[in-house]
Structure formats: structure tokens, C-alpha cells
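Visitor: I should like a close look at the salt bridges of this protein. Please describe the pairs and their surroundings.

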Amino acid sequence: MDKQKHWREQEQELVNRWNAATDRYREAQAAATLQAAPQDGDGGATKDSVRAVEAARIELEAVRKRVARFKAEFSAGKRY
């Protein structure tokens, strides 16, 4: 039972990380889109906004890989 509780805590933490990463990614994309809209003839996203989107995408990809690892462990019978 102790292992199951630990695994469930890990899974919940992963869900929280996933939600936070997707929120950051959406916010970064929205900010970059707003900056990319032509305003007074000045168009194009700033380098900072592009970096923020890329960093959020990388973080989301890392969490996605962790989710895939959890799924593989579960399918292989290593969890529960």
C-alpha cells in the first residue's frame, strides 16, 4: 500500500506539472501573438516572447515524456 500511495502522489504531482506547463505555454503563445500583431506599423514578436514560447514548449515536451514513461511503466506492470 505504501508504494501505491507514493505512486499516486507522483502521478498527482505530474498532473499538476502538466497543467502548469500547458498554462505557461498558452500564456506565452498569447503574449507572442499579441506582440506579433502589427501595431502602428511595428510588427513582429520580440526575441523575449519567442524565447518564452520556446522555453514553455521545451518544458511541456519534458513533462510529456515523463507522462509517457509513467504510461509505459503502468502498461509493463511496474505500477500497481
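Guide: What follows takes the salt bridges pair by pair, after a short account of the setting.

The model is predicted, and local features need pLDDT of at least 70, side-chain atom pairs count only at pLDDT 80 or more, while totals for chains, interfaces and linings use all residues. Residues are numbered from 1 along each chain as its sequence is written, and side-chain values use heavy atoms, with hydrogens and water left out.

The protein has two helices and zero strands; these are DSSP runs numbered from the N terminus, helices being H or I with at least four residues and strands E with at least two. Of its 80 residues, 18% count as buried, where buried means under 20% relative accessible area, exposed over 50% and partly exposed in between, with a 1.4 Å probe and protein chains only.

Side chains of opposite charge can pair when their charged atoms come close. A salt bridge here is a side-chain nitrogen of Lys or Arg within 4 Å of a carboxyl oxygen of Asp or Glu, and by this rule the count comes to five. Three of them, one after another, are described below.

In helix H1 (residues 2-36), Asp23 and Arg26 are three residues apart, which places about one helical turn between them. Their salt bridge has its closest N and O atoms 3.2 Å apart. Asp23 is partly exposed, with a relative accessible area of 37%, whereas Arg26 is exposed at 53%.

A salt bridge also joins the side chains of Arg24 and Glu59, with 2.4 Å from N to O. This pair links distant parts of the chain, since Arg24 belongs to helix H1 and Glu59 to helix H2 (residues 47-75), 35 residues apart. Arg24 is partly exposed, its relative accessible area being 39%; Glu59 is likewise partly exposed, at 28%.

Within helix H2, Glu61 and Arg64 lie three residues apart, about one turn of the helix. The closest N and O atoms of their salt bridge are 2.7 Å apart. Glu61 counts as partly exposed at 28% relative accessibility, and Arg64 is partly exposed with a relative accessible area of 39%.

For the protein as a whole, 70% of the contacts between residues at least 6 apart in sequence join residues at least 24 apart, a contact meaning heavy atoms within 4.5 Å. The accessible surface comes to about 6200 Å², of which 53% belongs to carbon and sulfur atoms, as computed by the Shrake-Rupley method with a 1.4 Å probe.
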